[in-house]
Amino acid sequence: MLDAMTDSMRHRGPDGRGTLVHGRVGLGHRRLSIIDLDAGAQPMVTPDESVAVSYNGEIYNFAALREELIAAGRTFRTRCDTEVLLHGYLAWGEGLFDRIDGMFAFALHDRAHDRIYLVRDRLGIKPLYYAEAGGLLVFGSEIQPLRESGVLKREPALDQVGAFLELGYVPGGQSMFAGVERLLPGHFLRIDGDTARAERYWDVASLPERELDYESAKREFRELFARSVESHLMSDVPLGAFLSGGVDSTAVVAFIRRELGVPLATFSVGYRDDPASSELGHAGRIAKHFGTEHHEFILDHEEFFDGIDLLLEHGEEPIVESAAVALLGLSRFSAKHATVFLSGEGSDEVFAGYDLYARSLKLASMRRWLPFLRSRALRRGLGGFLPTEKLRKYLDWVGEPMEQRWRTIPTDVSESIRRDLLRPAFAERHGGLTSRVFDEHFREIAARDPLARMQYVDLKTWLVDDLLIKADRMTMAASIELRVPFLDRSLVEFGLTLPADTKLRDGIGKALVKEVVTEYAPRDLMYRPKQGFPTPIATWLRGDLYERARDILVDPRTVARGYVRQDYVERCLARHRSGKEDLSRRLFTLLVLELWHRKYVD
């Protein structure tokens with residue numbers, strides 16, 4: 001069983017494999033060699049075989065910790081960061097977890113005390129799943145090893161299905177598979193004998209707001225970001241960067257080339273049959289400006305649709321980010337040139353880059369001036385006269401308090417749309433997970449200003465349960481490692497404690513980052529409208545992919561799930577195809593959910 005579980009993740013580590021039975025614990029590992037290529041095989045044990053570890057990720061401060069441990073009398077056999085976990089645990093016990101900076105998920109077995117730890121990094125950059133059945137605890141970086149164990153049933157978790165239909169992802173330590181949980185970011189699970197208890201070792205909510213003027217904040221950001229980027233270049237294999245031409249990826253490239261003077265290859269994606277959705281022109285300008293070795297990957301609509309199955313194969317759970325298909329293609333293309341890549345993921349959450357932050361604050365102001373719209377009955381009546389979902393959403397948002405509004409703004413299933421989308425019987429029984437998770441996170445940071453509260457909730461939900469899952473799965477599927485320097489601990493703690501007017505200035509989000517990066521890059525590119533990681537999915541679902549998508553969404557098998565109102569689905573298809581509304585995200589959500597059922601449940 002242990003061999004099968006380990007080999008199911010070969011793509012995460014094609015360079016080596018290892019298994020170890022350590023007392024009553026079995027550990028498996030697949031290695032992607034990046035540091036100390038000739039040593040560092042895992043699972044790794046201490047010389048006396050009392051402690052063993054299997055670990056995925058990178059510890060960026062491992063060299064400093066290694067020197068500290070050597071000074072304390074510890075002897076190392078390798079140069080790799082894995083061994084720091086073993087010696088660090090022997091020296092500091094559970095105190096190790098908050099000392100290490102990086103992206104990581106690891107299992108550590110202390111045989112002397114009959115104790116197991118599962119540990120996940122602060123932001124959830126690396127995944128860690130676990131399940132318990134029949135007295136057996138199984139865990140892994142992906143769900144497939146858990147399925148290989150034979151303890152899981154082929155059942156969807158219906159509360160999580162409800163949350164996915166509302167959000168486009170599953171929040172709060174859950175998964176779409178019944179019985180499978182995700183270890184929360186910044187937590188460890190301690191298993192003593194037959195008792196398991198999860199504890200949090202880090203959180204940013206309790207940190208107070210800093211008093212820092214704008215120029216001082218710019219200087220500190222520049223220093224922290226340069227330090228983070230430099231630490232993320234740690235590698236004994238070729239490096240590259242994903243480049244869109246936007247602020248975040250440009251910031252990474254700018255600091256690598258201008259501050260550190262390191263040669264770099266950059267990689268971008270575009271679309272053969274809809275070049276207007278591409279950012280290739282912007283990325284090309286940035287690549288030329290900084291003198292990188294630039295590569296472009298082109299995707300068409302047929303490759304996109306065929307890629308949805310690979311998206312589900314490697315994502316394991318339905319991912320509503322259509323850009324994930326493009327990222328998978330780009331990752332496979334880029335793997336021919338490098339093994340480690342940097343990206344700008346996390347900047348928007350840490351430094352308030354989303355337009356939705358400013359928009360939500362404006363809606364809060366409107367709610368104060370239009371108190372009569374707080375009445376749900378009135379909004380419901382007025383909504384019947386509005387011609388588009390977009391207008392109905394804004395009507396809902398104006399009337400809702402921030403806590404309720406924010407769990408619907410990023411994914412746009414507001415109260416009235418949820419009522420139209422979900423079948424009443426399903427919504428009544430399986431519709432409470434979203435509100436429970438979001439309410440808990442808002443309570444944790446209740447003392448901070450509204451902008452910091454929205455950022456914090458995004459870090460705890462949207463970022464970890466959607467964007468970082470997409471980033472990890474699509475890159476590891478191609479056997480490459482993606483690093484995210486904006487999610488360095490010091491930067492996250494810095495960004496989340498800055499005064500609101502330092503991050504959001506005159507309605508412009510991420511102001512601090514933009515001003516600093518503009519010192520290196522063309523100003524017009526840094527202040528152009530945000531595109532994210534665009535795909536022409538709206539165009540394709542009106543044309544070449546419409547019939548294929550419709551055949552799936554109206555199929556009797558799909559209807560029989562009983563989750564959504566079929567008349568609503570038909571209306572979405574018709575209105576999107578006619579061009580009256582862009583409902584591509586809604587349709588793609590329903591499409592990947594059904595294809596996930598067919599692949600993993602049926």
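Where is the place of Asp114? Asp114 sits in the loop between β5 and β6. The legends below describe a predicted model, and the view of that loop is Figure 3.

**Figure 1. Overview of the protein chain, a predicted model with 29 helices and 16 strands.** The radius of gyration is 24 Å, close to the 25 Å that the globule rule gives for 602 residues, so the chain is as compact as a globular protein of that length. The C-alpha trace spans about 75 × 60 × 50 Å along its principal axes. Of the 602 residues, 62% are buried. When contacts between residues at least 6 apart in sequence are taken, 72% of them join residues at least 24 apart.

**Figure 2. The hairpin of β1 and β2, and the cis peptide bond at Pro43.** Strand β1 (residues 16-22) runs antiparallel to β2, and 7 bridges join the two. Within this pairing, Thr19 stands opposite Gly28 of β2. The hairpin has 2 residues between its strands, and Gly23 takes a positive phi near 65 degrees there. The loop between β2 (25-31) and β3 (44-45) holds Pro43. The peptide bond that joins Gln42 and Pro43 is cis, with omega about -5 degrees. Most residues other than glycine have a negative phi, and most peptide bonds are trans.

**Figure 3. Strand β5 with its antiparallel partners β4 and β6.** Strand β5 (residues 102-110) is mostly covered, with 8 of its 9 residues buried. On the β4 side, 9 bridges join β5 to β4 (residues 51-59) in the antiparallel sense. Ala52 stands opposite His109 in β5. On the β6 side, β5 pairs antiparallel with β6 (residues 115-120) over 6 bridges. Asp110 stands opposite Arg115 in β6. The hairpin of β5 and β6 has 4 residues between the strands, and Asp114 belongs to it. Asp114 is not a glycine, yet its phi is positive at about 50 degrees. Asp114 counts as partly exposed because its relative accessibility is 33%, and the partly exposed class lies between 20% and 50%.

**Figure 4. Helix α19 and the helices that its buried residues pack against.** Helix α19 (residues 433-444) has 12 residues, which should span 16 Å at 1.5 Å a residue; the end C-alpha atoms are 17 Å apart, in agreement. Which residues are buried in α19? Leu433, Thr434, Val437, Phe438, His441 and Phe442 are buried. They cover an arc of only 155 degrees around the axis, so they lie on the same side of α19. An α-helix has 3.6 residues a turn, so residues three or four places apart point the same way. The buried residues of α19 pack against α6 (158-167), α16 (402-406) and α20 (450-476).

**Figure 5. The loop between α20 and β16, with Ser479.** Ser479 lies in this loop, which precedes no other element here than β16 (481-483). The phi of Ser479 is near 60 degrees, a positive value in a residue other than glycine.

**Figure 6. Phe255 in helix α8 and its surroundings.** Phe255 is found in α8 (residues 247-259). Is Phe255 buried or exposed? At 1% relative accessibility, Phe255 counts as buried, because the limit for a buried residue is under 20%. Leaving out residues up to four places away in sequence, Phe255 touches Arg222, Phe225, Ala226, Val229, Leu260, Val516 and Tyr520. The C-alpha atoms of Phe255 and Arg227 are separated by 9.7 Å, and the two residues are 28 residues apart along the chain.

**Figure 7. Thr266 in strand β13 and its polar contact with His294.** Thr266 is found in β13 (residues 265-271). Its relative accessible area is 0%, so Thr266 is buried. The side chains of Thr266 and His294 make a polar contact at 2.7 Å. Apart from residues up to four places away in sequence, the residues that Thr266 touches are Ala241, Leu243, Val253, Ala287, Thr292, Glu293, His294 and His295.

**Figure 8. Helix α29, a mostly covered helix.** Helix α29 (residues 584-601) has 18 residues. The distance from its first C-alpha to its last is 25 Å, close to the 26 Å expected at 1.5 Å a residue. Of the 18 residues of α29, 15 are buried.

Definitions and conventions: Residues numbered from 1 in each chain as written. Predicted model: local features only at pLDDT ≥ 70, side-chain atom pairs only at ≥ 80, totals over all residues. Heavy atoms only, no water. Expected span 1.5 Å × (residues − 1). Buried < 20%, exposed > 50% of the residue type's maximum accessible area, 1.4 Å probe, protein only. Pairing = 2+ DSSP bridges. Arc of directions from axis to C-beta. Contact = heavy atoms within 4.5 Å. Polar contact = N/O pair within 3.5 Å; in protein donor to acceptor, adjacent residues only side chain to side chain. Rg over C-alpha atoms; globule rule 2.2 N^0.38 Å.
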